[in-house]
Amino acid sequence: FIQDSYTRRHPRWPSVKMETRCTMALFPRARADVSKGGQSVPTRIIPVPNDGAPDSLAFIVTELTGAPFIAGSSTMWGFSNDGTRSVLATGLTTVVDCEYEPDTHSVLVCSAGSFDFNDGIFAPGTGSIGRVNLADGSAVTLLDNLWMPAGIERFGDDIYFSTFYAGGVFKFDPADCGVPGDLNGDCCVDGKDLATLLAAWTSCP
């Protein structure tokens, strides 16, 4: 499987003969006006383990969108084994890479940040690492103030990411995000933290 950022297609190459291909999915433009960041520009495709049913989620695709890289205009797409496209999350920004987390059915995402047209680069300190919950499409920021994170992988509890301009690979543990009241280490405070608290509730000795 190959994604084509320019034509917004997701073609499948079934053999070594590169002239033989079929299109699995085609993504709509991010905006109607191509000159104002309308391109979809898919940047990463990742497989999702599934039961093989035609309507089961098989792939997740993230997108960068074209210049001027308008904040909140990126969409995370999913498509099933039969090629049916669905929206998994909206309101994302300049997503350049992602990593599926099967244990939580979520996706880690790298946001390149805001583009500085005066300098012709993504501005330092505007990039971030986030997590998208595929159950409801909600997103939380795990690490910010980065300079264009470009690649991301998770090994155990640690998250590794590379940066484009700074030229390095870094590691961090999202459980150390330091959000007050975050009891389960997902960097947000919600009903899951309340459930964790209640599960540990005991009477005083």
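In strand β14, I159 stands opposite F172 of β15. Strands here are DSSP runs of type E with at least two residues, and helices are runs of type H or I with at least four residues, both numbered from the N terminus. The model is predicted, so local features need a pLDDT of at least 70 and side-chain atom pairs count only at pLDDT 80 or more, while totals for chains, interfaces and linings use all residues. Residues are numbered from 1 along each chain as its sequence is written, and side-chain values use heavy atoms, with hydrogens and water left out.

**The three-stranded sheet**

The strands β14 and β15 run antiparallel and are joined by five bridges; two strands count as paired if DSSP finds at least two bridges between them. Four residues separate the two strands in their hairpin, where G167 takes a positive phi near 65°. On the other side of the hairpin series, β13 and β14 are also antiparallel, with six bridges. In that pairing I152 stands opposite F161 of β14, and P149 has T163 as its bridge partner. The hairpin of β13 and β14 has two residues between the strands, and G156 in the turn has a positive phi of about 65°.

Together these strands make an open antiparallel sheet in the order β13-β14-β15. Because β13 and β15 each have a single partner strand, they stand at the edges, and one side of each is left without a neighbour in the sheet. Neighbouring strands are turned by 20° against each other on average, direction ignored; the axes behind such angles are lines fitted to C-alpha atoms, for helices over the stretch in contact, and angles run from 0 to 180 degrees between N-to-C directions.

**The four-stranded sheet**

A further open sheet has four strands in the order β7-β8-β11-β12, again with antiparallel pairing. Its edges are β7 (95-101) and β12, each with a single partner strand, so one side of each has no neighbour in the sheet. The average turn between neighbouring strands of this sheet is 15°, direction ignored. Five bridges hold β11 (residues 127-133) and β12 in antiparallel pairing, and among the residues involved G127 has L146 of β12 as its bridge partner.

**Salt bridges**

A salt bridge is a side-chain nitrogen of Lys or Arg within 4 Å of a carboxyl oxygen of Asp or Glu. The count by this rule is four. Three of them are listed here.

| Salt bridge | Closest N to O distance |
|---|---|
| R44 and D97 | 2.5 Å |
| E101 and R154 | 2.9 Å |
| D103 and R154 | 2.9 Å |

In the D103 and R154 bridge, D103 lies in the loop between β7 and β8 (106-111) and R154 in strand β13, so the pair ties together parts 51 residues apart in sequence. Burial is given by relative accessible area: under 20% is buried, over 50% is exposed and the range in between is partly exposed (1.4 Å probe, protein chains only). D103 is exposed at 53%, R154 is partly exposed at 24%, and E101 is buried at 1%. E101, D103, R131 and R154 are linked in a network of salt bridges. In the remaining listed bridge, D97 is buried at 8% and R44 is partly exposed at 23%.

**Aromatic pairs**

Rings of Phe, Tyr and Trp (its six-membered ring) pair if their centres lie within 6.5 Å; planes under 30 degrees apart are stacked, over 60 edge-to-face, and the rest tilted. By this rule there are 10 aromatic pairs. One of them is F69 with F115, a tilted pair at 5.3 Å between centres and 50° between planes. Since F69 lies in the loop between β4 (57-63) and β5 (74-80) and F115 in strand β9 (residues 115-116), the pair ties together parts 46 residues apart in sequence. F69 is buried at 15% relative accessible area, whereas F115 is partly exposed at 24%. W147 and Y165 form a tilted pair as well, with 5.2 Å between centres and 35° between planes. W147 lies in the loop between β12 (139-146) and β13 (149-155), and Y165 in the loop between β14 (158-163) and β15 (168-172), so this pair ties together parts 18 residues apart. Ring pairs also link F69, F115, F117 and F122 into a cluster.
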